[in-house]
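I sat down with a new structure today and kept notes as I went. Here is what I looked up, in the order I looked.

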Amino acid sequence: MNEEWTDGSGKALSKVASMLTKEENQRHTKDDDYFSDPRLYVQDLNTGAALMITPETHEGGKTQGRGYRKCKSVRQRMPHKVSPKLQVSVLLDMLVAQLVPKGEDRVGPLAEAAYRRIVDAMLEAQQADDWLKQNAKHSKKVNEMIERLQEMTWVERKGDSLIKVDIVTLDEAKMTAEMLEMEVVE
């Protein structure tokens, strides 16, 4: 793009894009999967700079040869919806709480030893190829709890918006049209 655009044009077009996207979202449900071929002409009325936006010529792909595709919403696992640090903190706190007398806020030697053993096991597990198979004493129950925790990490998110368009200046569009015209004459 060699033409000069008025400062703020990008921000203004961004606002227009937000308005158009909002209208589009109101016309469709989250379960719609649809295609279109946007053809637009955008001009800066101060400088005369202009762009043409047309679907790119192609076959197949995610847009299936079209210029635009909006995919339906999808369920996706967010593995860190509950951060690993929070997971470990909750587990350690609850586990060691079993060793502290009810109503006490202190950590005795038994709880301190439990903390050390757990941390040592975690460090060892980082170095081992298959620590769980070799050392886990309650892997079935642990896996059950992990599955329950992971089930809570599913979220629904908006579907992807895919675009496959050519953006050319008006001069480039005129040149292309002239070249196509010359090919037809020959």
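**Entry 1: the sheet with β1**

I began with β1 and strand β4 (residues 68–70), which run antiparallel and are joined by 3 bridges. I should say right away that this is a predicted model. Looking for one pair to point at, I found Ser36 standing opposite Tyr68 in β4.

Next I asked myself in what order the strands of this open sheet come. The order is β1-β4-β7, 3 strands with antiparallel pairing. I marked β1 and β7 as the edge strands, since each pairs on one side only. From one strand to the next, I noted a twist that averages 15°.

A reminder to myself: strands of a sheet pair through backbone hydrogen bonds, either parallel or antiparallel.

**Entry 2: the sheet with β8**

I then turned to another open sheet, whose 3 strands follow the order β2-β3-β8 with antiparallel pairing. Why is one side of β2 and of β8 left without a neighbour in the sheet? Both stand at the edges and have a single partner strand each, so there is nothing paired on the other side. Neighbouring strands here are turned by 20° against each other on average, direction ignored.

I went through the pairings one by one. β2 and β3 run antiparallel and are joined by 4 bridges. β3 and β8 pair in the antiparallel sense over 5 bridges. Leu51 is a handy landmark: Val42 stands opposite Leu51 in β3, and in β8 the bridge partner of Leu51 is Thr169.

I also looked at the hairpin of β2 and β3, which has 6 residues between the strands. Gly48 in this hairpin takes a positive phi near 85°.

**Entry 3: two helices**

Two packed helices are described by the angle between their axes and the distance between the axes. For α2 and α3, I wrote down an angle of about 145° and axes 10 Å apart. Is their crossing left-handed or right-handed? The crossing of α2 and α3 is right-handed.

Which residues make the contact? From α2 they are Val88, Leu92, Asp93, Leu95 and Val96, and from α3 they are Ala111, Ala114, Tyr115, Ile118 and Met122. Sorted by class, this contact has 9 nonpolar residues, no polar ones and 1 charged.

**Entry 4: the largest pocket**

My next search was for open spaces. The largest pocket has a volume of about 1,800 Å³. I found 38 residues lining this pocket, with Leu91, Leu95, Ile118, Met122 and Val142 nearest its centre. Leu95, Ile118 and Met122 were already in my notes, as part of the contact between α2 and α3.

Which element gives the largest share of the lining? That is α3, with 10 residues. At least two lining residues come from each of α2 (84–97), α3 (109–127), α4 (131–135) and α5 (139–151). By class I noted 25 nonpolar, 6 polar and 7 charged residues in the lining.

**Entry 5: the second largest pocket**

The second largest pocket holds about 820 Å³ of space. Its lining has 25 residues, and those closest to its centre are Ala17, Leu20, Leu40, Ile53 and Ile163. The elements that give two or more residues to this lining are α1 (9–27), β1 (34–36), β2 (40–43), β3 (50–55), β7 (161–163) and β8 (165–169). α1 gives the most, with 9 residues. My last note is the split by class of this lining: 17 nonpolar, 5 polar and 3 charged.

Conventions: Residues numbered from 1 in each chain as written. Predicted model: local features only at pLDDT ≥ 70, side-chain atom pairs only at ≥ 80, totals over all residues. Heavy atoms only, no water. 1 Å grid on protein atoms, 1.4 Å probe; cavity = no way out; pocket = protein on both sides within 12 Å on 5 of 7 lines; lining within 4 Å. Points joined across faces, edges and corners; volume = space filled by probe spheres on them. Nonpolar A, V, L, I, M, F, W, Y, C, P; charged D, E, K, R; others polar. Axes fitted to C-alpha atoms, helices over the stretch in contact; angles between N-to-C directions. Left-handed = near helix turned anticlockwise from the far one by under 90°. Contact = heavy atoms within 4.5 Å. Pairing = 2+ DSSP bridges.
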